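Visitor: Hello! I am new to reading protein structures, and I would like to learn how to look at one. Could you guide me through it?

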Amino acid sequence: MSENVSVRCPVCRREHFYAAPSYPCACGAPVTPPLDRRARATAVTHRSWEDDWVTVLCARCGRTGEWPHPEVGCACGTVLRVPVAAEAVGIPTARRVEQSRRRAFQPVTIRTARDAVTAAALYLRWLGYADIRRADQRPPNGIGLAARGLLAQVDPTVRPASLRDVECLWLTAMTESADCVYFSLAGYATDARTVADSLAIPLFVLDLTGTPQPVNARADELDATGAEASGG
């Protein structure tokens, strides 16, 4: 039987206890995707074969099979994708290697808007971005940060970031030939998430501990690989 792991929703912060289901291999042995206790669950915002399925090795016969990626539904309506350990065949180990090379992120508790900006800047530095500073252009909402090859927007308000907020960040980054990333304290409107996914914009929610939580696949990738592997 699979062991329970704690899974926290990045949207509402509820904690769930989850055990991955087992699937029958052709040899008859039960196969269970190994879960990564150290990685955070991410919200499922779009579906693709690569993300929805995982290749797992049968310990008894050595066969590999495609099984549904472990997921759990939260009461807030969010579907959480539970991280699978690198031991599962088909999950790139490079992400784990890159992440392990960085020391643990040290968050700053968020009490004010300035704290939110500080938390985002510290996180970008942790990812490996250099020369972090205030952006030359002020965004319509929140505060802009810039790094070498990157433009970031930090929204410390209690209003979810809108479609216009995300599009404005992307357009500004395009004019500067830079990548972009969005940090919000209150989350994102549904259409803002959809557009961010189509434009490959990483979206993060800042929890009150000051730890950015990825809310889409691009943010999860950036969190795992860091700036160097992401072109920063």
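Visitor: Let me begin with a pair in a sheet: which residue in E9 is the bridge partner of Glu 71?

Guide: Welcome! Please keep in mind that this is a predicted model. Strands of a sheet pair through backbone hydrogen bonds, and they can be parallel or antiparallel. Here, Glu 71 has Arg 81 as its bridge partner in E9. Three bridges join E8 to strand E9 (residues 79-81), and these two strands run antiparallel.

Visitor: What is the order of strands in the open sheet of three strands?

Guide: The order is E5-E9-E8, and the pairing is antiparallel. Strand E5 (42-43) and E8 are the edge strands, each pairing on one side only.

Visitor: And how many strands and helices does the chain have?

Guide: The chain has 15 strands and six helices. Of its 232 residues, 46% are buried. When you look at contacts with a separation of 6 or more, 53% of them come from residues 24 or more positions apart.

Visitor: What is the strand order in the open sheet with six strands?

Guide: Follow E10-E11-E12-E13-E14-E15; the pairing in this open sheet is mixed. Strand E10 (133-134) and strand E15 (212-214) are at the edges with a single partner strand each, so one side of each has no neighbour in the sheet. Now zoom in on one edge: E10 and E11 run antiparallel and are joined by two bridges. One example to find on your screen is Arg 133, whose bridge partner in E11 is Ala 146.

Visitor: Now the inside. How many residues does the largest nonpolar core have?

Guide: To read a core, look for buried nonpolar residues whose side chains are joined through atoms within 4.5 Å. The largest one here has 25 residues, and Leu 124, Tyr 129, Leu 145, Val 154, Val 181 and Phe 183 are those with the most contacts inside it. Several elements supply at least two residues each to this core, including helix H3 (113-127), strand E12 (150-155) and helix H6 (217-229). H3 gives the most, with nine residues. Apart from this core lies another one of 16 residues, with Val 166, Leu 169, Ala 192 and Val 205 among them.

Visitor: Which residues does Val 154 touch, leaving out those up to four places away in sequence?

Guide: With that exclusion, Val 154 touches Ala 116, Val 117, Ala 120, Gly 142, Ile 143, Leu 145, Phe 183 and Leu 206.

Visitor: Let us try a loop residue. Is Ile 201 buried or exposed?

Guide: The cut-off for buried is under 20% relative accessible area. Ile 201 has 1%, so this residue is buried. You will find Ile 201 in the loop between helix H5 (190-199) and E14. Not counting residues up to four places away in sequence, Ile 201 touches Val 166, Trp 170, Cys 180, Val 181, Ala 196, Asn 216 and Arg 218. Look also at Ala 219: Ile 201 and Ala 219 are 18 residues apart in sequence and 7.5 Å apart in space, C-alpha to C-alpha.

Visitor: And where is His 69 found?

Guide: His 69 is in the loop between strand E7 (64-68) and strand E8 (71-73). With a relative accessible area of 12%, His 69 is buried. Leaving aside neighbours within four places in sequence, its contacts include Asp 51, Trp 53, Arg 81 and Val 84.

Visitor: What is notable about the phi of Ser 177?

Guide: Ser 177 has a positive phi, about 50°, although it is not a glycine. Ser 177 is in the loop between helix H4 (163-175) and E13. Its relative accessible area is 71%, so Ser 177 is exposed. Ala 200 is another residue other than glycine with a positive phi, near 60°. Ala 200 is in the loop between H5 and E14, and at 44% relative accessibility it counts as partly exposed.

Visitor: Finally, what is the volume of the largest cavity?

Guide: The largest cavity has a volume of about 40 Å³. Its lining residues include Thr 42, His 46, Asp 51, Arg 81 and Asn 216. By class, the lining has three nonpolar, four polar and two charged residues.

Note on methods: Residues are numbered from 1 along each chain as its sequence is written. This is a predicted model: local features need pLDDT of at least 70, side-chain atom pairs count only at pLDDT 80 or more; totals for chains, interfaces and linings use all residues. Side-chain values use heavy atoms; hydrogens and water are left out. Buried means under 20% relative accessible area, exposed over 50%, partly exposed in between (1.4 Å probe, protein chains only). Helices (H or I, at least four residues) and strands (E, at least two) are DSSP runs, numbered from the N terminus. Contact means heavy atoms within 4.5 Å. On a 1 Å grid over the protein atoms alone, a cavity is a set of points where a 1.4 Å probe fits but cannot get out, and a pocket is an open set with protein on both sides within 12 Å along at least five of seven lines; lining residues have an atom within 4 Å of a point. Grid points are joined across faces, edges and corners, and a volume is the space filled by probe spheres set on the points. Ala, Val, Leu, Ile, Met, Phe, Trp, Tyr, Cys and Pro count as nonpolar, Asp, Glu, Lys and Arg as charged, and the others, Gly among them, as polar. Two strands pair if DSSP finds at least two bridges between them.
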